[in-house]
Amino acid sequence: MVDRRRQYLLLTDEDLIALVGDEDAEAFAGLYDRHSRVAYSLAYRMMGERQAAEDLVQEAFLKVWRAASSYRMERGSVRTWVLSIVHNRGIDQLRSSASRRRSQEKVEAVAPASQPSETFAETSRNSQSDQVREVLRGLPPEQLKVLELAYFSGHTHTEIAELLDVPLGTIKGRMRLGLKKMREYFDSRGMTMPG
Amino acid sequence: MSGERHEPWRERFDDLKDAYVLDALTEDERQEVEDYLTTHPELQAEVNELKSVANLLALSPQEYEPSPELRRELMNRISSSPNATPAAADPFPQQARLWRIFGPGGIVAAAVLALVTIGMFAWNASLQEENQNLQGELLRQQTYAMEGPGAAQGVQAEVVRLGDERAVLEAQDCPSPPESETYQAWILREDVAEPAGLFEPNDAGVAAAPLEGSIEGADAVAVTLEPSGGSSIPTSDPMLTADL
């Protein structure tokens with residue numbers, strides 16, 4: 001007899017999310033265990049502090065629990081869906097004026113990035129994340145900076161232009177080139193874009 | 001087509017689309033793009049593709065582990081979730097509640113609600129049946145033990161076949177791959193190795209990787225160590241194999 005936990009371990013994300021839609025708490029725990037680390041890492045990068053990041057992850061996973069039946073496989077993987085919930089909610093919070101000031105300061109502090117840490121060393125072997133980090137390391141710093149200020153700090157392109165004191169057209173150009181180079185990296189290696 | 005590209009609104013769309021997928025537009029600008037997409041649905045695929053590139057940024061942060069308290073708190077909250085589906089249980093208490101709510105004068109309303117309730121139970125039963133089918137499928141699974149140098153080093157792995165096409169590779173006591181390398185699964189068919197996904201064990205050395213691609217008609221499943229990101233053809237000898 002295959003035990004229950006093992007069955008959930010064997011199920012795909014899509015199977016689990018279907019069960020979560022049926023209010024299956026065990027399936028939800030399985031999804032949380034698979035994706036909480038990457039979700040929390042994104043939340044921490046956006047919010048810059050542990051408690052705010054955990055609050056954001058909790059809010060996002062509660063949304064997963066309540067809205068699992070609205071997940072559509074054709075729009076992307078379950079992980080992408082979970083991360084988009086974290087990102088959207090994080091952006092909403094960052095755009096509230098109080099947290100914006102804090103995050104802006106943190107962006108500057110975090111900007112040099114790539115600080116070594118034990119946790120990072122332990123987990124840096126994650127292959128897809130490694131690929132993405134590799135392509136970002138290959139971007140010109142000014143393009144990377146613009147992508148990060150937009151994606152992680154919730155700044156609009158106009159705000160970024162003001163923050164960096166460069167013309168808006170230049171910011172748009174850096175965004176376009178940065179995304180294009182990311183795409184080309186995957187294309188040139190014959191790799192499919194992680195869904 | 002070239003005429004379209006010079007259309008001012010199209011130029012405006014091209015000008016904003018990168019910031020749009022990065023969520024870096026003002027509310028008005030975002031609305032502008034979405035209105036344009038509504039009238040030009042053929043551009044949605046382009047936006048989706050660009051969005052999938054932007055989404056990759058979510059994978060780039062340094063990784064940290066959330067606290068165990070977060071998991072406990074979350075599980076507590078969902079266990080008391082108000083939208084939990086009623087179990088397919090004895091319907092009588094629910095009907096009694098309806099009777100108390102509507103009283104003897106509300107028979108018609110109660111009857112309608114009872115029909116809805118019965119419909120819900122039928123739907124719930126159908127979902128349960130689906131769930132049982134899924135679990136039944138797991139119970140009908142076939143497993144194939146994996147052998148090779150990896151097994152000699154203590155890795156216990158097996159391929160679990162779920163139906164005709166799907167399979168999951170499950171491993172225990174699996175060490176983390178060396179720096180800048182990853183485990184890659186392969187489906188072998190007539191001497192051709194088809195990439196079947198990358199995987200890494202968790203901290204407890206356990207991995208469960210659904211194989212990408214159909215195993216119907218396949219001869220074997222193998223695992224190799226490959227450079228991070230995987231390879232299109234195997235670049236090292238298999239460390240684990242299972243004949244199907």
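Begin by selecting chain A of this predicted model, where 53% of the 195 residues count as buried. The surface that chain A exposes amounts to about 8800 Å², and carbon and sulfur atoms supply 50% of that area. If you colour chain A by secondary structure, you will find 11 helices and zero strands, so the pattern read along the sequence is simply α-α-α-α-α-α-α-α-α-α-α. Among the contacts in chain A with a separation of 6 or more, residues 24 or more positions apart account for 60%.

**Helix α11 of chain A**

Next, select residues 168-188 of chain A, which make up helix α11. This helix, α11(A), has 21 residues and reaches 30 Å from its first C-alpha to its last, which is close to the 30 Å expected at 1.5 Å a residue. Show the side chains in α11(A) and look for the buried residues, including Ile171(A), Met175(A), Leu179(A), Met182(A), Tyr185(A) and Phe186(A).

Stay in helix α11 of chain A and pick out Asp187(A) and Arg183(A), which lie four residues apart, about one turn of the helix. Their side chains meet in a salt bridge, at 3.2 Å from N to O. Asp187(A) is partly exposed, with a relative accessible area of 42%, and Arg183(A) also counts as partly exposed, at 25% relative accessibility.

Gly178(A), another buried residue of α11(A), leads to your next selection, Lys145(A), because you can draw a distance between the C-alpha atoms of these two residues and find 9.7 Å, although they are 33 residues apart along the chain. Lys145(A) is found in helix α9 (residues 141-151) of chain A and is partly exposed, with a relative accessible area of 22%.

**Where chains A and B meet**

Now display chain B as well, and select Lys172(A) together with Asp15(B), whose side chains meet in a salt bridge of 2.5 Å, N to O. Asp15(B) lies in helix α2 (residues 8-21) of chain B while Lys172(A) lies in helix α11 of chain A, so this pair joins two chains. Is Lys172(A) buried or exposed? Lys172(A) is buried, with a relative accessible area of 11%, whereas Asp15(B) is partly exposed, at 27%.

For a second link between the chains, select Arg37(A) and Glu63(B), which form a salt bridge with the closest N and O atoms 3.1 Å apart. Arg37(A) belongs to helix α3 (residues 25-47) of chain A and Glu63(B) to the loop between α4 (44-55) and α5 (68-79) of chain B, so this pair too joins two chains. Both Arg37(A) and Glu63(B) are buried. Over all chains, the count comes to 24 salt bridges.

**The strands of chain B**

Finally, move to strand β2 (residues 156-162) of chain B, which is mostly covered, since five of its seven residues are buried. Strand β1 (residues 142-145) of chain B runs antiparallel to β2(B), and four bridges join them; select Tyr144(B) and you will find its bridge partner, Val159(B), in β2(B). β2(B) also pairs in the antiparallel sense with strand β3 (residues 166-172) of chain B, over seven bridges, and here Ala157(B) has Ala171(B) in β3(B) as its bridge partner. End the tour at the turn of the hairpin that β2(B) and β3(B) form, where three residues lie between the strands and Gly163(B) has a positive phi of about 80°.

Conventions: Residues are numbered from 1 along each chain as its sequence is written. Chains are lettered from A and ligands numbered from 1 in the order in which they are written. This is a predicted model: local features need pLDDT of at least 70, side-chain atom pairs count only at pLDDT 80 or more; totals for chains, interfaces and linings use all residues. Side-chain values use heavy atoms; hydrogens and water are left out. A salt bridge is a side-chain nitrogen of Lys or Arg within 4 Å of a carboxyl oxygen of Asp or Glu. Buried means under 20% relative accessible area, exposed over 50%, partly exposed in between (1.4 Å probe, protein chains only). Contact means heavy atoms within 4.5 Å. Accessible areas come from the Shrake-Rupley method with a 1.4 Å probe; for residues, only the protein chains shown count as cover. The expected span of a helix is 1.5 Å times one less than its number of residues. Two strands pair if DSSP finds at least two bridges between them.
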